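Hi there,

Here is the structure I promised to hand over. Have a look at it first, and then read on for what turned up.

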Amino acid sequence: IKMKINGAEKQYPDGITISEMLKREGFQEEQVAVERNEEIVAKDDYGTMMLLESDVVEVVTFMGGGAR
């Protein structure tokens, strides 16, 4: 299937879950938030929600630190 992840065209096998995609892309689940087709995905669904042809996925990484 073809989809966009953070604006880049990607090709993955049918039936890939969000969890599997994150691993392949080098993300750690506990450090990201995922938006699929403009909807936030619950972390509990990463392992069961399958990505579909033409999905648009945004992965946001949490950064440590802050103002002092």
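Before the details, one term: two strands count as paired if DSSP finds at least two bridges between them. Keep in mind as well that this is a predicted model.

With that in hand, start at strand E1. In E5, Ile 5 has Val 57 as its bridge partner, and Lys 4 stands opposite Val 56 of that strand. E1 and E5 run in the parallel sense, with two bridges between them. E1 also pairs with strand E2 (residues 8–11), this time in the antiparallel sense and over four bridges. Ile 5 turns up here too, standing opposite Ala 8 in E2. The hairpin made by E1 and E2 has two residues between the strands, and Asn 6 takes a positive phi near 50° there.

E5 has another partner: E3 and E5 pair in the antiparallel sense over five bridges. If you want one pair to look at, try Glu 35, whose bridge partner in E5 is Glu 58.

Now for the side chains of E1. In a regular strand, side chains alternate between the two faces of the sheet. E1 shows such an alternation: Met 3 and Ile 5 point to one face and are buried, whereas Lys 2 and Lys 4 point to the other and are not buried.

Stepping back, the protein chain has one helix and five strands, and along the sequence they follow the pattern β-β-α-β-β-β. The C-alpha trace spans about 45 × 25 × 20 Å along its principal axes. Of the contacts with a separation of 6 or more, 51% are between residues 24 or more positions apart.

What about the inside? The largest nonpolar core has 15 residues, and those with the most contacts inside it are Ile 18, Met 21, Leu 22, Val 34, Leu 51 and Val 59. Strand E1 (2–5), helix H1 (18–25), strand E3 (32–36) and strand E5 (56–61) are the elements giving two or more residues to this core. H1 supplies the largest share, three residues.

Val 59 is a good one to click on. Leaving aside residues up to four places away in sequence, Val 59 touches Ile 5, Asn 6, Met 21, Leu 22, Phe 27, Val 32, Ala 33 and Val 34.

And here is one to try yourself: is Ser 19 buried or exposed? Ser 19 sits in helix H1. The relative accessible area of Ser 19 is 9%, and buried means under 20%, so Ser 19 counts as buried. Beyond residues up to four places away in sequence, Ser 19 touches Glu 29, Tyr 46 and Gly 47.

Across the whole chain, 28% of the 68 residues count as buried. On the outside, the chain exposes about 4,700 Å², and carbon and sulfur atoms supply 49% of that area. As for charge, there are 8 positive and 14 negative side chains, with the centres of the two sets 6 Å apart.

That's what I have for now.

Best wishes

Note on methods
Residues are numbered from 1 along each chain as its sequence is written. This is a predicted model: local features need pLDDT of at least 70, side-chain atom pairs count only at pLDDT 80 or more; totals for chains, interfaces and linings use all residues. Side-chain values use heavy atoms; hydrogens and water are left out. A nonpolar core is a set of buried Ala, Val, Leu, Ile, Met, Phe, Trp, Tyr and Cys residues joined through side-chain atoms within 4.5 Å. Buried means under 20% relative accessible area, exposed over 50%, partly exposed in between (1.4 Å probe, protein chains only). Contact means heavy atoms within 4.5 Å. Accessible areas come from the Shrake-Rupley method with a 1.4 Å probe; for residues, only the protein chains shown count as cover. Lys and Arg count as positive and Asp and Glu as negative; His and the chain ends are not counted. The place of a charge is taken as NZ of Lys, CZ of Arg, CG of Asp or CD of Glu.
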